[in-house]
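Biologist: Could you take me through the spot where the ligand sits, and then through the second largest pocket? I'd like to know what surrounds each of them.

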Amino acid sequence: MNYISTRNKNIKISSAQAIKQGISEEGGLFVPDRIPSFTIDEICSMTDMSYNERAFFVLSKYLTDFSKDQLSYCTNNAYTNEKFSDCKIAPVVELEKGFNILELWHGPTCAFKDMALQILPFFLTASIKITDEDKTVCILVATSGDTGKAALEGFKNVEGTNILVFYPELGVSNMQKLQMKTQEGNNVNVFAIKGNFDDAQSGVKKIFIDENIKDELEKRGYMFSSANSINFGRLCPQIVYYFSAYCDLIEKNKIKPGQEINVVVPTGNFGNILAAYYAKLSGLPIKKLICASNKNKVLTDFINTGIYNKNREFFATSSPSMDILISSNLERLLFSLYENDDKEVLSLMKQLSEKGEYKVSDKVLKKLQESFAGGFANEEETFNTIKYIFDKYGYICDTHTAVAIKVYLDYKEKTKDDTVSVIASTASPYKFPDNVLKAVLGEKADLNDFELIKKLSDVTKTEIPAPIKELESKKVRFNNVIDKTEMKKAVLDLLK
Ligand SMILES: *Cc1c(COP(=O)(O)O)cnc(C)c1O
């Protein structure tokens with residue numbers, strides 16, 4: 001199987017090359033040239049498997065140039081009980097008949113980003129071998145919170161790699177900042193930037209395309225790569241857990257083999273829900289993909305009207321990882337809906353960058369709506385949902401998951417569609433203790449971060465995840481605050 005660019009399908013490369021490169025040179029995203037398929041029998045054969053084995057089974061059809069040994073090395077080392085606090089890795093919790101939560105946050109940083117960023121470093125080291133690359137790969141990350149920490153944890157002490165994370169000094173939560181400042185590992189570096197997330201992001205992009213830096217680092221034996229969800233290596237591990245959830249439902253007799261389910265995903269950059277779409281194209285019986293947005297509901301509008309318009313007010317919400325107006329992975333969906341028409345995708349992306357808006361054809365809108373439904377939750381609804389779910393089921397969820405649950409309940413009410421549903425839960429409530437506690441108690445508690453998590457634990461009778469609890473006693477290793485103009489120098493100084 002080959003990987004082709006969404007903006008020029010004549011560019012054909014192997015999966016290892018796609019993972020190493022991250023993004024195509026003309027700005028397109030790599031996608032498989034055909035989607036592999038799974039029969040219902042094959043899917044059922046996974047019910048008896050561990051998460052690792054399921055991951056191996058699914059990924060072997062996507063990463064065809066990896067040897068069996070290489071791939072099983074990746075899956076076995078990524079999804080261990082040392083790194084994940086739940087033995088099922090991604091457990092499914094049933095709140096009520098047909099209403100299931102897929103918990104994706106039992107990894108080392110307590111967000112779903114771990115599901116992909118724990119395995120991406122292994123993919124990358126394998127890809128370096130497969131493509132005969134002799135350079136050390138330097139991962140540059142600009143983060144607004146979750147991605148930076150998850151990438152640091154994934155890449156720490158991984159041979160042949162080096163990771164540098166830049167975050168906005170004032171743009172991340174206290175807990176997220178502390179998670180990054182205390183990062184351990186001999187190949188990691190963290191910088192706070194005097195500026196906002198956009199400054200960090202554009203600084204990193206500038207370094208990526210700076211020919212002088214590239215040449216200089218090549219001489220020193222380094223090359224750059226990306227750990228963002230534009231990298232297909234970050235996307236494919238996310239396909240796995242939808243298969244795994246389906247198998248768990250069969251195993252628990254909640255569905256029969258072949259029976260359709262609905263999947264609900266709290267969405268930002270469209271990576272997670274796109275993985276569910278690929279699972280559906282691969283033969284997993286998914287009826288509807290329900291795309292949940294917060295107040296930044298650009299995707300809800302797109303699914304309902306076929307018009308994507310980013311020219312609108314931006315809201316900072318209590319579900320910050322979904323505060324996004326340009327969902328970059330939507331490009332991969334468009335490529336699929338337009339039946340791999342790269343010219344059409346190029347034209348739409350050009351309209352997006354020039355006018356901030358585009359409209360898909362009626363035919364494509366119809367196809368979109370056959371597979372997807374979209375909805376959103378505002379701030380009040382998000383807080384009310386956390387409380388409602390806690391009061392009714394004794395289950396505590398984070399703000400992002402609450403958005404998805406609200407959209408699911410609305411969808412069910414409106415359509416009377418009572419298909420068995422799986423809601424992707426993307427973060428531990430302990431990553432957002434102030435807002436979660438405020439939702440449960442009805443008012444903001446005047447406590448510091450560690451008092452907040454203790455209180456949340458007392459009130460909800462749930463355990464504080466170890467990686468969050470440990471932060472209190474961890475040594476701060478990175479206190480660097482640099483000007484955004486110093487990013488290039490920081491990179492050159494570090495990579496000696
Ligand atoms: C990144 C993130 C999301 C959004 O996922 P996408 O793949 O970007 O759509 C949702 N919730 C949490 C907690 C996240 O960290």
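Modeller: Here's a walk through the ligand's surroundings, followed by that pocket. Keep in mind that this is a predicted model.

Let's start with the ligand. It has 15 residues around it, and the closest are Lys113, Asp146, Gly268, Asn269 and Thr426. Three of those names come up again when you look at side chains. Lys113 has a side-chain N or O atom 2.6 Å from an oxygen atom of the ligand. For Asp146, a side-chain N or O atom is 2.8 Å from a ligand oxygen. With Thr426, the ligand's partner is a nitrogen atom, 2.9 Å from an N or O atom of the side chain. On its own, the ligand has 380 Å² of accessible area, and the protein covers 96% of that. As for the kinds of residue in the shell, you get five nonpolar, eight polar and two charged.

Now for the second largest pocket, which holds about 1200 Å³ of space. Its lining is made of 50 residues, and Lys83, Phe84, Pro108, Gln118 and Glu153 are the ones nearest the centre. Which elements give two or more residues to that lining? They are helix 4 (68–78), helix 6 (120–130), helix 7 (146–155) and helix 21 (466–469). Helix 6 gives the largest share, with five residues. Sort the pocket's lining by type and you find 19 nonpolar, 17 polar and 14 charged residues.

Key
Residues numbered from 1 in each chain as written. Predicted model: local features only at pLDDT ≥ 70, side-chain atom pairs only at ≥ 80, totals over all residues. Heavy atoms only, no water. Near = heavy atom within 4 Å. Polar contact = N/O pair within 3.5 Å; in protein donor to acceptor, adjacent residues only side chain to side chain. Areas by Shrake-Rupley, 256 points an atom, 1.4 Å probe, with all protein chains shown as cover. Nonpolar A, V, L, I, M, F, W, Y, C, P; charged D, E, K, R; others polar. 1 Å grid on protein atoms, 1.4 Å probe; cavity = no way out; pocket = protein on both sides within 12 Å on 5 of 7 lines; lining within 4 Å. Points joined across faces, edges and corners; volume = space filled by probe spheres on them. Helix = DSSP H or I, 4+ residues; strand = E, 2+ residues; numbered from the N terminus.
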